[in-house]
Each structure stands twice: as structure tokens, then as C-alpha cells.
Amino acid sequence: VPRTDYPGIVDYFTNFLKLEPQGEIESGNIIIGTNWAQDAGIYEFTLGANGAKVKGRYTFVYVFEDGEWKISQHHSSVMPEGNKPQAISEEEVKNLFQLWNSALATEDPDAVAKRYASKAVLLPTVSDVPRTDYDLIRDYFVGFLKKKPQGEILESNVTIGHNWCQDAGIYEFTMAPSGDKVRGRYSFVYVWEDDQWK
């Protein structure tokens, strides 16, 4: 939908800003005229709301109006080749659990916390406190790792999306000091962030 007036432009950015975008120009070509200028090239947005990256072509035409430079025309289109999802198979999704399980084996809460994405939410089985940042997630594992847990997936159900995937089912932990076993439901939602699945 072309946005040709102030209300239309405001309406577009009301929704777009909810994604918490931050842009970076990768390449630009500039033309300068009399009281106008054009910048056209490739830029990439990082969306703070979900960590996704979106690359696109852009054209800005600026004009000198009311004593300042303003945007007269702005065109932007997503580059299909720059927005391909990170490929992952169902078996690879299941194997992501082993990365987390191996981090548990280190008994290092930082090693485990680093397996979580920047916007992660941890709802632990044995805690009623949602863990929504690195420090809170680390704090949970400080206590949990004292039990020397090692997990095993008993039932897995995988869903794969665009730069995200989910593994949900039943797992069982063996606590090394006592040999006790604890079975529970789990749901891991992974996102592609910083060139790895978290």
C-alpha cells in the first residue's frame, strides 16, 4: 500500500516500530542535485522484538524543505535472497537438546545460560519465577546444577518455522548424587541468533 499522506505514513510506522527495528546500510549510491539528493542501496534491519534480520533494497529521495532535509520518497523491498530461513532438519532440532544437556554436564551456570537467546523466557519445572534475562536464567541453574542433572528425551514432537523451531514432549532427568529420576513435560523454542541456534 503506497503511503502518500501523513496519517498513512504514521499508520505504517505504528506497526513497524513494534518490531523494534534497527537499520544498518550495507551499500549506498548517492546522487546530489539542486535542493534534492538520492541515496539508494542495500540495508539490513535487526528486529529487536524477535532477533530476526531482514535485508532489503532501499531508495531515499531527500528534498530541502522548511530549512531542513526531509524524505520526499522512500522505497523499500525485501530481498528474497537475503531473507532465506536457516535450514534445519527434524533430527537436527532434536539434537539441539544435546547441546543444552552437555552444558548441564559442565556444572557451569554461565555455560547453560549462554545457550539461551537474548529475549529468552525460561519457565522452569521446579520454580514459579519466570526467568526473562541472563542473570535470572543463570541464577536458576546455580541451584539446579547442584543436583548434577542429566536429561533424556522420551518423546519428542518437532515443528520448524522461519528461523525458529520447537521441540516439545516428555523428558526425564537423572540426578547424579541420589540417582533420583524426575520426569516432566518440556517445550524448547529455538531461534537463529548470532549465527547459531539458541
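Helices and strands here are DSSP runs, numbered from the N terminus. The model is a predicted one.

**Stop 1: the largest pocket**

Start by selecting Tyr-12, Phe-13, His-74, His-75 and Ser-76, the lining residues that lie nearest the centre of the largest pocket. The lining has 27 residues in total, and the space inside comes to about 950 Å³.

Next, colour the elements that give two or more residues to this lining: α1 (6-16), β1 (21-32), β2 (36-47), β3 (53-65) and β4 (68-78). Which element supplies the largest share of the lining? Strand β4 does, with 8 residues. By residue class, the lining of the largest pocket divides into 18 nonpolar, 7 polar and 2 charged residues.

**Stop 2: the loop between β1 and β2**

Two of the elements just coloured, β1 and β2, are joined by a loop that contains Asn-35. Select Asn-35 and check its backbone: phi is positive, about 65 degrees, although the residue is not a glycine.

**Stop 3: the second largest pocket**

Now select Tyr-116, Val-121, Leu-122, Ser-187 and Phe-188. Among the 36 residues that line the second largest pocket, these lie nearest its centre. The volume of this pocket is about 790 Å³.

Helices α2 (90-105) and α4 (134-144) and strands β6 (164-175) and β7 (181-193) each contribute at least two residues to the lining. Strand β7 gives the most, with 11 residues. Sorted by class, the lining of the second largest pocket holds 23 nonpolar, 6 polar and 7 charged residues.

**Stop 4: the largest nonpolar core**

Keep Tyr-116 selected and add Trp-100, Val-112 and Phe-141. These four have the most contacts inside the largest nonpolar core, which has 25 residues. At least two residues of this core come from each of α2, α3 (109-113), α4, β6 and β7. Helix α2 has the largest share, 6 residues.

Centre the view on Phe-141 and show what surrounds it. Which residues does Phe-141 contact, leaving aside neighbours within four places in sequence? They are Trp-100, Leu-104, Pro-109, Val-112, Tyr-116 and Leu-122.

A second core, separate from this one, has 6 residues, including Phe-45, Leu-47, Tyr-58 and Phe-60. Select those four to locate it.

**Stop 5: aromatic rings around Trp-100**

The whole structure contains 27 aromatic pairs. Select Phe-97 and Trp-100 for one of them: the ring centres are 5.6 Å apart and the planes meet at 45 degrees, a tilted pair. The two residues are separated by about one helical turn, because they are 3 residues apart in helix α2. Phe-97 and Trp-100 are both buried.

Add Phe-188 to the selection. The rings of Trp-100 and Phe-188 form an edge-to-face pair, because their planes stand at 65 degrees, with 5.2 Å between centres; over 60 degrees counts as edge-to-face. Why does this pair tie together distant parts of the sequence? Trp-100 belongs to helix α2 and Phe-188 to strand β7, so the pair connects parts 88 residues apart in sequence. The relative accessible area of Trp-100 is 7%, so the residue is buried. Phe-188, at 13%, is buried too.

To see the wider network, select Phe-97, Trp-100, Tyr-116, Tyr-140, Phe-141, Phe-144, Tyr-171, Phe-173, Tyr-186, Phe-188 and Tyr-190, which ring pairs link into a cluster.

**Stop 6: Glu-90**

Stay with helix α2 and select Glu-90, which lies in it. Is Glu-90 buried or exposed? Neither label fits: Glu-90 is partly exposed, with a relative accessible area of 44%. Setting aside neighbours within four places in sequence, Glu-90 contacts Val-158 and Ile-160. To gauge distance across the model, draw a line from the C-alpha atom of Glu-90 to that of Glu-24: the separation is 33 Å, for residues 66 apart along the chain.

**Stop 7: the loop between β7 and β8**

Finish at Asp-195, in the loop between β7 and β8 (196-197). Asp-195 has a positive phi of about 65 degrees and is not a glycine. With a relative accessible area of 68%, Asp-195 is exposed.

How values were computed. Residues are numbered from 1 along each chain as its sequence is written. This is a predicted model: local features need pLDDT of at least 70, side-chain atom pairs count only at pLDDT 80 or more; totals for chains, interfaces and linings use all residues. Side-chain values use heavy atoms; hydrogens and water are left out. On a 1 Å grid over the protein atoms alone, a cavity is a set of points where a 1.4 Å probe fits but cannot get out, and a pocket is an open set with protein on both sides within 12 Å along at least five of seven lines; lining residues have an atom within 4 Å of a point. Grid points are joined across faces, edges and corners, and a volume is the space filled by probe spheres set on the points. Helices (H or I, at least four residues) and strands (E, at least two) are DSSP runs, numbered from the N terminus. Ala, Val, Leu, Ile, Met, Phe, Trp, Tyr, Cys and Pro count as nonpolar, Asp, Glu, Lys and Arg as charged, and the others, Gly among them, as polar. A nonpolar core is a set of buried Ala, Val, Leu, Ile, Met, Phe, Trp, Tyr and Cys residues joined through side-chain atoms within 4.5 Å. Buried means under 20% relative accessible area, exposed over 50%, partly exposed in between (1.4 Å probe, protein chains only). Contact means heavy atoms within 4.5 Å. Rings of Phe, Tyr and Trp (its six-membered ring) pair if their centres lie within 6.5 Å; planes under 30 degrees apart count as stacked, over 60 as edge-to-face and the rest as tilted.
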